[in-house]
Amino acid sequence: MKTNHFDVLIIGGAVMGSSVAYHLLAAETGLKVGVLERDPTYTRSSTSLSLGGVRIQFSLKENILMSLYGQEFFSRFEEDMAVEGERPSIDYRRAGYLFLIDQPGRAAAEQGLALQKGLGGEVEWWTPEKIQREFPLFRADGFVGGTFGPKDGYLDPYGVLMGFRKKAISLGARYFPEEAVEVKKSGRKVAGVGLASGGVLNSEIVVNAAGPWGAEVARMAGFELPLSPVNRQVFAVKPEKSFDRPLPLVIAPSGLYFRSETGGLLLVGKSMEEDETGFGFRWEWKRFTEELWPELVPIVPAFEKLKLVRGWAGLYEVNRLDRNAILGAWPGLDGFFLINGFSGHGLQQAPAAGRHLAELILKKTPTLDLACFSPRRILENRPLGEGAVV
Ligand SMILES: Cc1cc2nc3c(=O)[nH]c(=O)nc-3n(C[C@H](O)[C@H](O)[C@H](O)COP(=O)(O)OP(=O)(O)OC[C@H]3O[C@@H](n4cnc5c(N)ncnc54)[C@H](O)[C@@H]3O)c2cc1C
């Protein structure tokens with residue numbers, strides 16, 4: 001076999017690309033898997049800039065099932081991804097997720113809760129009194145209650161990425177610090193990838209795992225995907241008053257969210273209509289001081305006193321059709337697979353999505369039925385209904 005020929009080539013080597021590489025090799029030893037990652041520092045990858053939240057509180061059955069698998073997978077991640085006895089550290093903290101519910105959101109929240117429980121998930125309805133008993137600094141009287149997922153939580157996204165990557169390499173994956181610039185074709189079939197450095201790697205199977213750059217990679221293959229990179233800002237602040245235990249990831253009805261971070265910090269963010277589309281990473285304190293802080297203080301009055309510490313912006317890869325995953329083979333080009341469009345919930349879906357794509361590539365029966373995320377729905381303009389995208 002020629003040295004530049006691979007069974008599978010993956011464009012993008014962050015959490016999705018590395019999960020696919022790991023799952024391919026865990027299922028079939030000896031496969032030749034190549035991963036093209038133009039920035040091995042991952043400075044601007046969504047994965048590195050993510051909040052690392054893991055929750056089962058979705059309204060679409062398949063999203064709940066993916067997160068349930070994610071929770072299970074992450075709970076044994078450090079053990080399973082160990083290489084020669086060295087374990088990755090992902091700092092998985094099951095501090096919970098608390099969605100605060102107002103009257104207009106009550107019916108949808110109750111429906112979601114019933115579905116999540118029916119699928120075996122742990123979720124509780126908390127009255128405003130219960131919220132205040134659990135977290136005495138909160139003011140919950142403006143809400144009709146909350147849904148709390150005790151097994152939900154957050155982890156270190158970079159630790160997850162490195163765990164997958166190192167394990168995939170230990171199983172035989174080859175990572176190239178290269179930029180893909182062309183998808184080579186032979187008729188209706190994929191034939192390989194052209195590199196910015198001038199070389200070509202050959203393969204009959206190519207995976208688009210390019211995150212916010214997914215539409216660019218699709219264009220290289222000759223088609224358009226409704227994917228946009230959208231700037232999302234996150235702020236780290238230090239409240240004067242400290243909590244006696246880590247806060248869950250709290251989501252207000254407006255979409256404002258916050259959670260504890262190590263060092264007594266609080267991370268705060270909100271997806272907003274005016275967030276810029278494009279590859280910009282600008283963030284401004286003004287967003288926090290003028291928009292988010294005034295929303296935060298009525299929920300936790302003690303947050304009136306805090307120090308601004310730092311901030312950052314990362315890119316959501318927004319699927320403009322329905323803000324959900326696009327997962328599977330692209331119907332117009334044999335051998336071209338997509339794992340794109342995860343908006344703000346891809347990190348937790350990486351284990352299930354990576355396993356699913358590996359199963360499709362290897363022509364195995366999928367463990368989870370995730371056919372609803374098939375790329376065909378993009379061509380047929382059939383959006384999925386998921387009410388809990390943050
Ligand atoms: C602020 C923020 C908060 C988030 N919070 C959460 C959360 O709480 N929970 C959750 O589950 N998800 C969250 N997400 C979403 C999650 O981080 C992403 O869905 C996930 O990390 C996407 O992973 P990816 O591998 O597809 O993309 P990325 O991590 O962006 O990786 C894509 C990689 O492809 C490479 N690449 C692109 N084009 C090329 C090319 N032509 N050639 C070679 N390499 C290329 C890039 O360098 C990059 O490393 C958040 C995202 C952001 C930005």
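**Exercise 1. Classify the surroundings of Lys 363 and describe its backbone.**

*Solution.* Start with the neighbour count: Lys 363 has 6 other C-beta atoms within 10 Å, so this residue is exposed. Keep in mind that we are working with a predicted model. Next, find its place in the chain: Lys 363 sits in the loop between helix 9 (346-361) and helix 10 (376-379). Finally, look at the backbone: Lys 363 is not a glycine, yet its phi is positive, about 60°. For background, most residues other than glycine have a negative phi.

**Exercise 2. Work out whether Tyr 42 is buried, exposed or partly exposed, and say where it is found.**

*Solution.* Count first: there are 19 other C-beta atoms within 10 Å of Tyr 42. A residue needs 20 or more to be buried and 12 or fewer to be exposed, so Tyr 42 is partly exposed. Then locate it: Tyr 42 belongs to the loop between strand 3 (33-36) and strand 4 (53-54). Its phi is positive too, about 60°, although Tyr 42 is not a glycine.

**Exercise 3. Describe how domain 1 meets domain 2.**

*Solution.* Begin with the division of the chain: domain 1 covers 5-72 + 157-226 + 321-379, and domain 2 covers 97-151 + 229-317. Taken over C-alpha atoms, their centres are 29 Å apart. The contact draws 23 residues from domain 1 and 24 residues from domain 2. On the domain 1 side, the elements giving two or more residues are helix 2 (61-75) and strand 21 (342-343). Helix 2 gives the most, with 5 residues. By class, this side of domain 1 has 8 nonpolar, 12 polar and 3 charged residues.

**Exercise 4. Find the centre of contacts in the largest nonpolar core, and place that core relative to the domains.**

*Solution.* The core has 110 residues, and those touching the most other members are Ile 10, Ile 11, Val 20, Ala 21, Val 207 and Ile 339. Both domain 1 and domain 2 give residues to this core, so it lies between them. Now take Ile 10 as a case: beyond its neighbours within four places in sequence, its contacts include Val 20, Ala 21 and Val 207. Ile 10 also contacts Val 33, Val 35 and Leu 36, among others.

**Exercise 5. Which residues come nearest to the ligand, and which elements supply its shell?**

*Solution.* Of the 38 residues around the ligand, Gly 12, Gly 53, Gly 211, Gly 314 and Gly 346 come nearest. Helix 1 (15-27), strand 14 (227-239), strand 18 (306-319) and helix 9 each give two or more residues to the shell. The shell divides into 19 nonpolar, 14 polar and 5 charged residues. Lastly, both domains give residues to the shell, so it lies between them.

Methods: Residues numbered from 1 in each chain as written. Predicted model: local features only at pLDDT ≥ 70, side-chain atom pairs only at ≥ 80, totals over all residues. Core = buried A, V, L, I, M, F, W, Y, C linked by C-beta atoms within 7 Å. Domains from an automatic or database assignment. Contact = placed C-beta atoms within 7 Å. Helix = DSSP H or I, 4+ residues; strand = E, 2+ residues; numbered from the N terminus. Nonpolar A, V, L, I, M, F, W, Y, C, P; charged D, E, K, R; others polar. Near = placed C-beta within 6 Å.
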